Amino acid sequence: MATNWVFQGRCWKFGDNIPTDALTPTHVMFKTPKEMAAFVLETVNPEFPKKVRPGDILVAGRNFGCSSGRALATKALAATNIGAVVAEQFSRTFYRNCLEIGLPLLEATGVSALVDDGDEVRVDIKVATFENLTTGKSLQGTPPSQFLLRMLEAGGLIPLLKSGNFPGASAR
């Protein structure tokens, strides 16, 4: 359940068109999310699953999470305990899958040019700001809607539905 919208950590930079198949390769599909986390993005950067730390920030280019709509990909990524995912643009299915499990993310045009692997970065999901603390450069992203923020705050779609804290919910 998100109560703080600001995340700060080491940047892991990835390029454009990273498919969900790279997040969860076929050989790990029947493992638990925690077990899958040991293989997340290993084909793109073998160091990532070995050295990612809680609170680190994944930064990517355009079309992050493309290809299949593997909902397990977001669960495996969340199991690495990263703080947030920031990308130039997400695959729509991947974007919704992240929100549905409560994984904070932000779309921010120009973010790829702003960072290198290992930079210290800060992202504020609610106001959609991204700052590279290593270089001092920053940019404005696209803020999530109030509904999507409530979903993140609840910890995902199912907890939001159980809370009744959304438009059209009837009091019981």
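The following exercises, each with a worked solution, concern the strands, the core, the aromatic rings and the loops of one predicted model.

Residues are numbered from 1 along each chain as its sequence is written. Because the model is predicted, local features need pLDDT of at least 70 and side-chain atom pairs count only at pLDDT 80 or more, while totals for chains, interfaces and linings use all residues; side-chain values use heavy atoms, with hydrogens and water left out.

**Exercise 1. Strand β3 and its partners**

Determine which way the residues of β3 point, and which strands pair with β3.

Solution.

Step 1. Helices (H or I, at least four residues) and strands (E, at least two) are DSSP runs, numbered from the N terminus. Strand β3 covers residues 84–87. A84 and V86 point one way, and V85 and A87 point the other way. All of these residues are buried, a term for under 20% relative accessible area, with exposed for over 50% and partly exposed in between (1.4 Å probe, protein chains only).

Step 2. Two strands pair if DSSP finds at least two bridges between them. Strand β2 (residues 57–60) pairs with β3 in the parallel sense over four bridges. On the β2 side, V59 stands opposite V86.

Step 3. Strand β4 (residues 105–107) also pairs with β3 in the parallel sense, over three bridges. Here the bridge partner of V86 is L106.

Step 4. The connections can now be added. The strands β2 and β3, with helix α4 (residues 71–78), make a right-handed β-α-β unit. The strands β3 and β4, with helix α5 (residues 92–101), also make a right-handed β-α-β unit. Right-handed means that, with the strands pointing away from the viewer, the path from the first strand over the helix to the second runs clockwise.

**Exercise 2. The nonpolar core**

Identify the residues of the largest nonpolar core that touch the most other members, and the helix that gives the largest share.

Solution.

Step 1. A nonpolar core is a set of buried Ala, Val, Leu, Ile, Met, Phe, Trp, Tyr and Cys residues joined through side-chain atoms within 4.5 Å. In general, nonpolar side chains tend to be buried together in soluble globular proteins.

Step 2. The largest core has 51 residues, of which F48, L58, F64, L77 and F130 touch the most other members. Its largest share, five residues, comes from helix α7 (residues 146–154).

Step 3. Take L77 as an example. Contact means heavy atoms within 4.5 Å. Leaving out residues up to four places away in sequence, L77 touches L23, V40, F48, L58, F64, I82, V85, F94 and L103.

Step 4. Within α7, the residues L148, L149, M151, L152 and A154 are buried. Their cover includes α5 and α8 (157–163).

**Exercise 3. An aromatic cluster**

Classify the ring pairs F64–F90 and F90–F94.

Solution.

Step 1. Rings of Phe, Tyr and Trp (its six-membered ring) pair if their centres lie within 6.5 Å; planes under 30 degrees apart count as stacked, over 60 as edge-to-face and the rest as tilted. The structure holds six such pairs.

Step 2. The centres of the F64 and F90 rings are 6.3 Å apart and their planes stand at 80°, so this pair is edge-to-face. Because F64 lies in the loop between β2 and α4 and F90 in the loop between β3 and α5, the pair ties together parts that are 26 residues apart in sequence.

Step 3. F90 and F94 form a stacked pair, at 6.1 Å centre to centre and 15° between the planes.

Step 4. Ring pairs link F64, F90, F94 and Y95 into a cluster. F64 is buried because its relative accessible area is 0%, and F94 counts as buried at 2%.

**Exercise 4. Loops and positive phi**

Find where G102, N63 and N81 lie, and state which residue follows α7 with a positive phi.

Solution.

Step 1. G102 lies in the loop between α5 and β4. G155, just after α7, takes a positive phi of about 100°.

Step 2. G102 and G155 are 53 residues apart along the chain, yet their C-alpha atoms are separated by 4.4 Å.

Step 3. Most residues other than glycine have a negative phi. N63, in the loop between β2 and α4, has a positive phi of about 65° although it is not a glycine. N81, in the loop between α4 and β3, has a positive phi near 70° and is likewise not a glycine.

Step 4. N63 is partly exposed, with a relative accessible area of 25%; N81 is also partly exposed, at 39%.
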